[in-house]
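Here are some short exercises for you to try with a structure in front of you. Have a go at each task before you read its solution.

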Amino acid sequence: MRRGLNQALDEYLVLLSQGGSREAFARLAARWTPKLMAFAARNLGSTEAAKDVVQETWESALRGLRRLEDPARFRAWLYAIAARKCTDALRTKYRSARAADATREQAALNHADIDLAQTAGDRIDLASALKRLPPEQRIAVGLFFGEDMSVTEIATATGVPPGTVKSRLFAARKALRSALGEVK
């Protein structure tokens, strides 16, 4: 019953916000920012990066709220924005990391100081295993386990068919089991 009341309040605030109420939008932001922060921090592995993503999410939400046709879909719509912003941030992070790795590799080759044993013994824990997942799988796992969203809700939020969501969750579970040493 509680979820029904919260959803009804969100729908009401969305309608008021679409009508131009800044106070209603501020209340929506106050209600959803902690949830978005937790989601983004889990996916990005950094509170600072999560703050940036959440701010970008609210900026996009403010610009696009009038186009949201069904206020009942606000939750999925908002998480869809946040998921895209997280994916963008992860891609940027990985591009930068790959460029830095390439630079280090080139420098190592130039100096013949390659030490492969240094990385061979690294211990993998759940957080680092999650960080190794592709962004699409990490987003699906975060929404499914972290936000307790259904496959259908995740499909709506990410803009892919439910079968794709199931495939991403399956692949993510398999990769996590493998990374954590559990073979099934």
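Buried residues make up 34% of the 184 residues in this chain, and the model you are looking at is a predicted one.

**Exercise 1. The overall plan**

Task: Find out how many helices and strands the chain has, and describe its contacts along the sequence.

Solution:
- Step 1. Begin with the secondary structure: there are nine helices and zero strands.
- Step 2. Walk along the sequence, and you read the pattern α-α-α-α-α-α-α-α-α.
- Step 3. Now turn to contacts with a separation of 6 or more. Residues 24 or more positions apart account for 64% of them.

**Exercise 2. Helix α2 against helix α3**

Task: Describe how α2 and α3 cross, and work out what kind of residues make their contact.

Solution:
- Step 1. Remember what you need: two packed helices are described by the angle between their axes and the distance between the axes.
- Step 2. Helix α3 covers residues 47–64, and its axis comes within 8 Å of the axis of α2, with a crossing at roughly 140 degrees.
- Step 3. Name the arrangement. Angles over 145 degrees would count as roughly antiparallel, but the crossing here is at roughly 140 degrees, which makes α2 oblique to α3.
- Step 4. Add the handedness: this crossing is right-handed.
- Step 5. List the partners. From α2 come F25, L28, A29, W32, T33, L36, M37, A40, A41 and L44, while α3 brings T47, A49, A50, K51, V53, V54, T57, W58, A61 and L62.
- Step 6. Sort them by class, and you get 16 nonpolar, three polar and one charged.

**Exercise 3. Helix α2 against helix α7**

Task: Do the same for α2 and α7, and say which residues of α7 are buried.

Solution:
- Step 1. Helix α2 spans residues 22–44 and helix α7 spans residues 135–146; their axes come within 10 Å and cross at roughly 135 degrees.
- Step 2. That angle makes α2 oblique to α7.
- Step 3. The crossing of α2 past α7 is right-handed.
- Step 4. On the α2 side you find F39, R42, N43 and L44, which meet R138, I139, G142, L143 and G146 on the α7 side.
- Step 5. By class, this contact holds four nonpolar, three polar and two charged residues.
- Step 6. The buried residues of α7 are P135, Q137, R138, I139, A140, V141, G142 and L143.
- Step 7. Look just past the end of α7, where D148 has a positive phi of about 55 degrees.

**Exercise 4. Aromatic pairs**

Task: Classify the ring pairs W32–Y79 and F144–F145.

Solution:
- Step 1. Recall the two quantities: a pair of aromatic rings is described by the distance of the centres and the angle of the planes.
- Step 2. The structure holds six aromatic pairs. In one of them, W32 and Y79 have 6.0 Å from centre to centre and 80 degrees between their planes.
- Step 3. Planes over 60 degrees apart count as edge-to-face, and W32 with Y79 is such a pair.
- Step 4. Place the two rings. W32 sits in α2 and Y79 in helix α4 (residues 74–111), so their pair ties together parts that are 47 residues apart in sequence.
- Step 5. Check the surroundings: W32 is buried at 4% relative accessibility, and Y79 is buried at 1%.
- Step 6. Now take F144 and F145. Their ring centres are 4.8 Å apart and their planes stand at 85 degrees, so this pair is edge-to-face too.
- Step 7. F144 is partly exposed, with a relative accessible area of 24%.
- Step 8. Finally, one aromatic cluster is formed by W32, F39, F74, W77 and Y79.

**Exercise 5. Three residues compared**

Task: Decide whether F39, S60 and T47 are buried or partly exposed.

Solution:
- Step 1. The cut-off you need is this: buried means under 20% relative accessible area.
- Step 2. F39, in α2, has a relative accessible area of 0%, so F39 is buried. Beyond its neighbours within four places in sequence, F39 contacts Y79, A82, A83, C86, I139, G142, L143 and E147. The C-alpha atoms of F39 and C86 are separated by 9.2 Å, although their positions lie 47 residues apart along the chain. In sequence terms, F39 and C86 are 47 residues apart along the chain.
- Step 3. S60, in α3, is buried as well, with a relative accessible area of 15%. Not counting residues up to four places away, S60 touches I81 and K85.
- Step 4. T47, also in α3, counts as partly exposed at 46% relative accessibility. T47 and M37 are 10 residues apart in sequence and 7.6 Å apart in space, C-alpha to C-alpha.

Conventions: Residues are numbered from 1 along each chain as its sequence is written. This is a predicted model: local features need pLDDT of at least 70, side-chain atom pairs count only at pLDDT 80 or more; totals for chains, interfaces and linings use all residues. Side-chain values use heavy atoms; hydrogens and water are left out. Axes are lines fitted to C-alpha atoms, for helices over the stretch in contact, and angles run from 0 to 180 degrees between N-to-C directions. Helices (H or I, at least four residues) and strands (E, at least two) are DSSP runs, numbered from the N terminus. Angles under 35 degrees count as roughly parallel, over 145 as roughly antiparallel, 65 to 115 as roughly perpendicular and the rest as oblique. A crossing is left-handed if the near helix is turned anticlockwise from the far one by less than a right angle, and right-handed if clockwise. Contact means heavy atoms within 4.5 Å. Ala, Val, Leu, Ile, Met, Phe, Trp, Tyr, Cys and Pro count as nonpolar, Asp, Glu, Lys and Arg as charged, and the others, Gly among them, as polar. Rings of Phe, Tyr and Trp (its six-membered ring) pair if their centres lie within 6.5 Å; planes under 30 degrees apart count as stacked, over 60 as edge-to-face and the rest as tilted. Buried means under 20% relative accessible area, exposed over 50%, partly exposed in between (1.4 Å probe, protein chains only).
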